[in-house]
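Okay, thanks for making time, everyone. I'd like to walk you through a structure that's new to most of the group, so let me put it on the screen.

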Amino acid sequence: MNYCGYYTSPIGILKIEVIDQHIVGLAFAVNIYQSFENEVVLQCKKELDEYFNGTRESFDVSTKIVSGTDFEISVWEELKKIPYGKSLSYQDVAKRIGNPNAARAIGNSNRKNPIIIICPCHRIIQKNGKIGGYIGGNAAKQYLLELEHKSLLKKISPNKAILK
C-alpha cells in the first residue's frame with residue numbers, strides 16, 4: 001500500500017512517500033494533495049521534528065531506494081555513511097565509491113536523491129569549501145549544515161558560551 005504525508009520544515013514543505021512500510025521519497029513538495037498517512041509517515045514526521053530541534057543525529061525510520069541507476073544508488077548509500085555534522089567534498093565521495101574522477105556525476109546523483117535529509121546529500125560540499133548546489137536551494141543547504149554544526153557544538157560545550 002502507498003501512503004504519503006507532508007511535513008512543514010524550516011526549509012520548506014516536504015512530501016513523505018511510503019511504500020510497504022518504507023520511506024521511498026522525502027522531497028520538497030511541488031504540489032500538495034490529500035495525505036494518506038500511516039505509522040511510518042507519522043514516525044518520519046516525529047524524527048524530522050527531532051532532527052530540526054537538534055536532538056536527532058540519525059534516522060531510524062526504514063528507507064528503501066526504488067529507482068535510480070546502480071551508480072546513483074551507490075552514491076546515495078555512501079551518503080548515509082557520512083556522520084552528522086560532517087561534510088565531504090564531491091571528490092571525497094567519488095573516491096569512497098571507487099570512482100575518483102566522478103565528482104561531477106556525484107553532484108548529478110545528489111540532485112536526483114529521492115530521500116533528502118535522511119540520505120544527507122546536503123553534507124556534500126565543493127572541494128574549495130563552498131557549499132555547492134542543493135535541490136532546495138543554497139539557503140536550505142546552509143540552514144541544514146548550520147543546524148548540524150550548532151547541535152554538535154552544544155553537545156561539546158552545553159554550558160559554555162560559544163564565541164564567533
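Let me start with a small puzzle: in which loop is the place of D20? Have a look while I say that this is a predicted model. Right, D20 sits in the loop between β2 and β3. Its phi is near 50 degrees, a positive value in a residue that isn't glycine. Now, most residues other than glycine have a negative phi. The loop between β2 and β3 also holds Q21, and there phi is near 70 degrees, again positive in a residue other than glycine. As for cover, D20 is partly exposed, with a relative accessible area of 46%, and Q21 counts as partly exposed too, at 36%.

Okay, let's zoom out. The protein chain has five helices and five strands. If you read from the N terminus on, the elements go β-β-β-α-α-β-α-α-β-α. The C-alpha trace spans about 45 × 45 × 25 Å along its principal axes. So how does the radius of gyration fit a compact globule? With 164 residues, such a globule would come out near 15 Å, and the protein chain has 16 Å, so the two agree. Buried residues account for 43% of the 164. The accessible surface is about 9100 Å², and carbon and sulfur atoms own 52% of that. And if you take contacts between residues at least 6 apart in sequence, 56% of them join residues at least 24 apart.

Next, the sheet. Three strands make an open sheet in the order β1-β2-β3, with antiparallel pairing. Which strands stand at the edges? Those are β1 and β3; each has a single partner strand, so one side of each is left without a neighbour in the sheet. On average, neighbouring strands here are turned by 20 degrees against each other, if you ignore direction. On top of that, α1 packs on the sheet and touches β1, β2 and β3, and its direction makes about 20 degrees with that of β1.

Let's look at one pair in detail. Strand β1, residues 2–9, runs antiparallel to β2, residues 12–19, and eight bridges join them. The hairpin that joins β1 to β2 does it through two residues. If you want to trace the pairing on screen, find C4, whose bridge partner in β2 is E17. Then find G5, whose partner in β2 is I16.

Keep I16 in mind, as we go inside. In soluble globular proteins, nonpolar side chains tend to be buried together. Here the largest nonpolar core has 38 residues, and I16, L26, L48, F52 and I117 have the most contacts inside it. Which elements each supply at least two residues of this core? They are β2, β3 (22–28), α1 (39–52), α2 (70–79), α3 (90–96) and α5 (138–156). The largest share, six residues, comes from α1.

I'd click on I117 here. Leaving aside neighbours within four places in sequence, I117 is in contact with I11, L14, L26, L48, Y51, F52, F59, H122, Y134 and L144.

Two more residues before I stop. One is E78, which is in helix α2. Buried or exposed, what would you guess for E78? E78 is buried, at a relative accessible area of 10%; the cut-off for that word is under 20%. Not counting residues up to four places away in sequence, E78 touches V93, R96 and I97.

The other one is P114, in the loop between α4 (103–111) and β5 (124–125). With residues up to four places away in sequence left out, P114 touches V24, G25, L26, I65 and W76. You'll recognise L26 from the list of residues with the most contacts inside the core. And how far is P114 from Y90, going by C-alpha atoms? Those two are 24 residues apart along the chain, and their C-alpha atoms are separated by 18 Å.

That's my tour, thanks for listening.

Technical notes:
Residues numbered from 1 in each chain as written. Predicted model: local features only at pLDDT ≥ 70, side-chain atom pairs only at ≥ 80, totals over all residues. Heavy atoms only, no water. Pairing = 2+ DSSP bridges. Helix = DSSP H or I, 4+ residues; strand = E, 2+ residues; numbered from the N terminus. Core = buried A, V, L, I, M, F, W, Y, C linked by side-chain atoms within 4.5 Å. Buried < 20%, exposed > 50% of the residue type's maximum accessible area, 1.4 Å probe, protein only. Contact = heavy atoms within 4.5 Å. Rg over C-alpha atoms; globule rule 2.2 N^0.38 Å. Areas by Shrake-Rupley, 256 points an atom, 1.4 Å probe, with all protein chains shown as cover. Axes fitted to C-alpha atoms, helices over the stretch in contact; angles between N-to-C directions.
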